[in-house]
Amino acid sequence: FLLALSSGEPQPQPTSRRRRRAGGAQRAGPMSSGDEGEGLVSGDLGGGGGEEGSDGEEVEDGGPLSKLCGSFGMMCLGLVVFPFALLMLGWNENHYVCENRRILQAEQKAEVVGCDSSKVTNTFAFFSCPLQESSLELFQPCVFNAGKMSPCDSMIHFTSTSGMQRVEMYQCAESCTETSGKNSLGQNVKKRRCTYRMEWSQTLIDSAAFHTTPSEAACPAFAQARGNPPFPANLEPGETTNFAQTVVAGASGRSGYALNHDLVAELAPDAPVSLQPFVANFSTPKLPPASPWMRPLTVGLQTLRLSSDRAMLETCAPPYQLGCIRIQYFKSSATSPAVITQVTQAGQTEKAKIPGSWGCSSSSWQAIRPKKLAKEELVAALHEENHSMVWLVRICGALAAVVAVCCCLQPISAAADVAGDLLNFCPCGGMLEDCLEGIVDWVICVISCNIGLGASFLVIAVVWVFMRPMWGIGLLVLGCCCCGSSLAVRQMFKQDKEPLE
């Protein structure tokens, strides 16, 4: 304190008492679309380099009451997420075993049939036949934009089992990070550093929530436009997907198999549509001028151009400016899908009835994949996908359980945080705060991992004891070991505390 006074500098205050902007200007709240000011910026013009920000602004830390209230809110969230995560894990194990049995049933019972449906009636069948072009759905821009684009013209059109439109706009985006450090008195301070850049986005980025105004170098024409502009009125932002109702697969339209809508919905649009055949339908807008570019409020033949690779439509040519729009279309790559389904009469298809078994109720089931496959290849692919999915849900469910336990223990962490804030008022108190909070966070992490993972193993083990006892007993032992380690940690801290008493 005396050293600070002798140097003529004001004594730095803890984070909870002070908030300072890098340029010295005070700011009461979020920026509105018309605010002016110099910010900490880093961005690019058309994907290039940008301006780097300065040291950052100090972030005001919440008071004790807000921290404690927030921690109890996190605890309530954890109490909800924890049982949900365990239920999800239990459902996942049951679903894995039951799905495996359905696939085995299809492998044993599904009959391989040809592409002529006139000879197939009331049969659990496998076939892999070409799709009939005449049965495919016609997709146009008006189909994807909820009636906003009318009339339906033929500027873009393609046929497929499914189609998707992706609309993106070139906008200014903010990215902020917070770092912790110490001031000249050893007290902890937090600083927020925000950078800005231009990027393509499928949703409107709310520029009114930016912490400061980007510079012209980072986001050109941002100030003149008063923020990111809205999307054109006759376009649906983001991705819009549509599917055909029914599609025919077979040797001909009359003797083919009519794939039901549930099967068609599995044929996702995964291949980009080439727009080369439609070059003559579009004009070529001039390059945007140096002055702020006036974006079109609606798009159409006169305001769109084809990109150089003929993969998408654009409202302006590179270098892109704020408000530029690009549109891309996708269709399904399926030409001869492999199908396991129930064929009824006249080539109609529906889900097959799979009988129930131990731990699995009876269900309706069918499967389709976009590639031409043999029956053995389709069965192998279904087994592999089922195995991958169960492990993905296992990992996500176990992590959710660990995070939920950590949320439940947040009041303890918040109490340590408040105590650390009190220590931070003292010279060199930042080191004491770091030590206290570090120990508490480490203990909470150990307890969360042991309880969360232990409970996850126990749930998985209980389900497997019911479904497959030999596997379930081993997992049950592993879960008990994890929970026992948590009790051992608790007992260790209890023994360390007894001599002090």
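## Burial and the chain as a whole

A residue is called buried when its relative accessible area is under 20%. By that standard both Phe144 and Tyr329 are buried in this structure, which is a predicted model.

Of the 501 residues that make up the chain, 45% count as buried. The chain contains nine helices and 19 strands, and its accessible surface comes to about 26,000 Å², with 61% of that belonging to carbon and sulfur atoms. If one takes the contacts between residues at least 6 apart in sequence, 72% of them join residues at least 24 apart.

## Aromatic pairs

Across the whole structure, a search finds eleven aromatic pairs. One of them is formed by Phe144 and Tyr329, whose rings are tilted, with 5.9 Å from centre to centre and 45° between the planes. Because Phe144 belongs to helix H3 (residues 141-144) and Tyr329 to strand E14, this pair ties together parts that are 185 residues apart in sequence. Ring pairs also link these two residues with Phe139 and Phe158, so that Phe139, Phe144, Phe158 and Tyr329 make up a cluster.

Tyr196 and Phe210 form another tilted pair, at 5.5 Å centre to centre and with 55° between the planes. Here the parts that are tied together are 14 residues apart in sequence, because Tyr196 lies in strand E7 (residues 188-201) and Phe210 in the loop between E7 and helix H4 (222-225). Both Tyr196 and Phe210 are buried.

## The nonpolar cores

The largest nonpolar core has 21 residues, and the members that touch the most others are Ile156, Phe282, Leu313, Ile327 and Tyr329. Two elements, strand E6 (162-182) and strand E14 (325-331), give two or more residues to this core, and E14 supplies the largest share, which is three residues. Apart from this core lies another one of 19 residues, which includes Phe127, Leu136, Ala244 and Ile368.

The surroundings of Ile327 can be listed in more detail: leaving out residues up to four places away in sequence, Ile327 touches Gln165, Arg166, Val167, Leu235, Leu304, Met312 and Leu313.

## An enclosed strand

Strand E3 (residues 123-128) is largely enclosed by the rest of the structure, because six of its six residues are buried. In a regular strand, side chains alternate between the two faces of the sheet. In E3, Thr123, Ala125 and Phe127 point one way, while Phe124, Phe126 and Ser128 point the other way, and all of them are buried.

E3 pairs with strand E2 (residues 111-112) in the parallel sense over two bridges, and with strand E15 (residues 338-343) in the antiparallel sense over six bridges. Ala125 takes part in both pairings, since Ala125 is the bridge partner of Glu111 and also stands opposite Thr341 in E15.

## A buried serine in a loop

Ser307 is found in the loop between strand E12 (305-306) and strand E13 (313-314). Is this loop residue buried or exposed? Its relative accessibility is 4%, and because buried means under 20%, Ser307 counts as buried.

The side chain of Ser307 is joined to that of Asp309 by a polar contact of 2.5 Å. Setting aside neighbours within four places in sequence, Ser307 is in contact with Met312 and Glu314. Met312 is also among the residues that Ile327 touches.

How values were computed:
Residues are numbered from 1 along each chain as its sequence is written. This is a predicted model: local features need pLDDT of at least 70, side-chain atom pairs count only at pLDDT 80 or more; totals for chains, interfaces and linings use all residues. Side-chain values use heavy atoms; hydrogens and water are left out. Helices (H or I, at least four residues) and strands (E, at least two) are DSSP runs, numbered from the N terminus. Buried means under 20% relative accessible area, exposed over 50%, partly exposed in between (1.4 Å probe, protein chains only). A polar contact is a pair of N or O atoms within 3.5 Å; within protein, one must be able to donate a hydrogen and the other to accept it, and residues adjacent in sequence count only if both atoms are side-chain atoms. Contact means heavy atoms within 4.5 Å. A nonpolar core is a set of buried Ala, Val, Leu, Ile, Met, Phe, Trp, Tyr and Cys residues joined through side-chain atoms within 4.5 Å. Accessible areas come from the Shrake-Rupley method with a 1.4 Å probe; for residues, only the protein chains shown count as cover. Two strands pair if DSSP finds at least two bridges between them. Rings of Phe, Tyr and Trp (its six-membered ring) pair if their centres lie within 6.5 Å; planes under 30 degrees apart count as stacked, over 60 as edge-to-face and the rest as tilted.
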